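Please open the model in your viewer, keep the sequence panel beside it, and follow the stops below in order.

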Amino acid sequence: MSATAEILTEGDAFYAHAIRRIHAAKHAVQLMVYIWQDDEIGRLFERALKQKARSGVHVEVVIDAVGSFELPASVIERLTAAGVQVFTHHRLAILRLAWFRYLIRRNHRKILLVDRAIAYTGGFNIMRQCSLKYAGERRWLDMMAVTENRK
């Protein structure tokens with residue numbers, strides 16, 4: 001078995017790469033994300049994940065409650081209805097004073113695993129602000145490392 005590694009430095013390159021791999025998944029897709037927005041990029045991922053779940057692929061998503069605060073509940077409802085297991089990380093009880101300590105313990109991870117053979121980790125969130133196509137030159141710059149085990 002051999003492994004390959006690649007660094008993606010454009011959001012659009014990461015999104016296209018990840019969506020291709022999600023569409024090709026045969027067994028499992030697991031995604032953990034800090035910011036997921038209901039925009040062109042978010043809907044692209046929503047469609048791909050729902051399609052895989054409906055086809056019988058095990059799909060799990062962990063979304064950070066603060067980073068994705070603006071994500072409508074309807075997105076989570078649609079994912080769940082399609083068979084995606086959705087978990088919300090660090091939901092805050094606003095009325096509790098202790099919630100302040102959670103603000104400094106945020107989960108900023110962005111991880112995507114496909115069939116336990118392809119792993120993405122880095123900084124791109126699922127949102128148009130990381131896309132040159134949608135946000136232009138003022139986009140958020142980041143990177144994503146991709147490793148793949150090959151037989």
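A contact here means heavy atoms within 4.5 Å, and that cut-off is needed for the stop at His17, which touches Glu6, Leu8, Tyr120 and Val146 when residues up to four places away in sequence are not counted. Keep in mind throughout that this is a predicted model.

**The whole chain**

Begin with the protein chain coloured by secondary structure, which comes to five helices and seven strands, and read along the sequence to follow the pattern β-α-β-α-β-α-β-α-β-β-α-β. Of the 151 residues in the chain, 40% are buried. Among the contacts with a separation of 6 or more, 74% are made by residues 24 or more positions apart.

**Helix 1 and His17**

Next select residues 11-24, which form helix 1. The 14 residues of helix 1 should span 20 Å at 1.5 Å a residue, and because the end C-alpha atoms are 20 Å apart, the expected and modelled spans agree. Now show the side chains of Phe14, Tyr15, His17, Ala18, Ile19 and Ile22, which are buried along with Gly11. An α-helix has 3.6 residues a turn, so residues three or four places apart point the same way. The buried residues of helix 1 pack against strand 1, strand 2 (28-33), helix 2 (40-54), strand 5 (111-114), strand 6 and strand 7.

Stay in helix 1 and centre the view on His17. Is His17 buried or exposed? With a relative accessible area of 10%, His17 falls under the 20% cut-off and therefore counts as buried.

**Strand 7 and its partners**

Move on to strand 7, residues 144-150, and add strand 1, residues 2-8, which runs antiparallel to strand 7 and is joined to it by seven bridges. Leu8, one of the residues that His17 touches, stands opposite Met144 of strand 7. Then add strand 6, residues 118-122, whose pairing with strand 7 is also antiparallel, over five bridges; here Gly122 has Met144 as its bridge partner.

**The largest cavity**

Which residues line the largest cavity? Select Phe14, Leu31, Met32, Val33, Lys110, Ile111, Leu112, Phe124, Ile126 and Met144, and you will have the lining of a space with a volume of about 40 Å³. The elements that give two or more residues to this lining are strand 2 and strand 5, and strand 2 gives the most, with three. By class, the lining has nine nonpolar residues, no polar ones and one charged residue. Two residues from earlier stops return here, since the lining includes Phe14 and Met144: Phe14 is among the buried residues of helix 1, and Met144 is the residue opposite Leu8.

**The second largest pocket**

For the last stop, select Asp115, Arg116, Ala117, Asn149 and Lys151, which lie nearest the centre of the second largest pocket among the 13 residues that line it. The volume of this pocket is about 180 Å³. Helix 1 and strand 7 are the elements that give two or more residues to its lining, and the largest share, three residues, comes from strand 7. The lining of this pocket divides into six nonpolar, one polar and six charged residues.

Notes
Residues numbered from 1 in each chain as written. Predicted model: local features only at pLDDT ≥ 70, side-chain atom pairs only at ≥ 80, totals over all residues. Heavy atoms only, no water. 1 Å grid on protein atoms, 1.4 Å probe; cavity = no way out; pocket = protein on both sides within 12 Å on 5 of 7 lines; lining within 4 Å. Points joined across faces, edges and corners; volume = space filled by probe spheres on them. Helix = DSSP H or I, 4+ residues; strand = E, 2+ residues; numbered from the N terminus. Nonpolar A, V, L, I, M, F, W, Y, C, P; charged D, E, K, R; others polar. Pairing = 2+ DSSP bridges. Expected span 1.5 Å × (residues − 1). Buried < 20%, exposed > 50% of the residue type's maximum accessible area, 1.4 Å probe, protein only.
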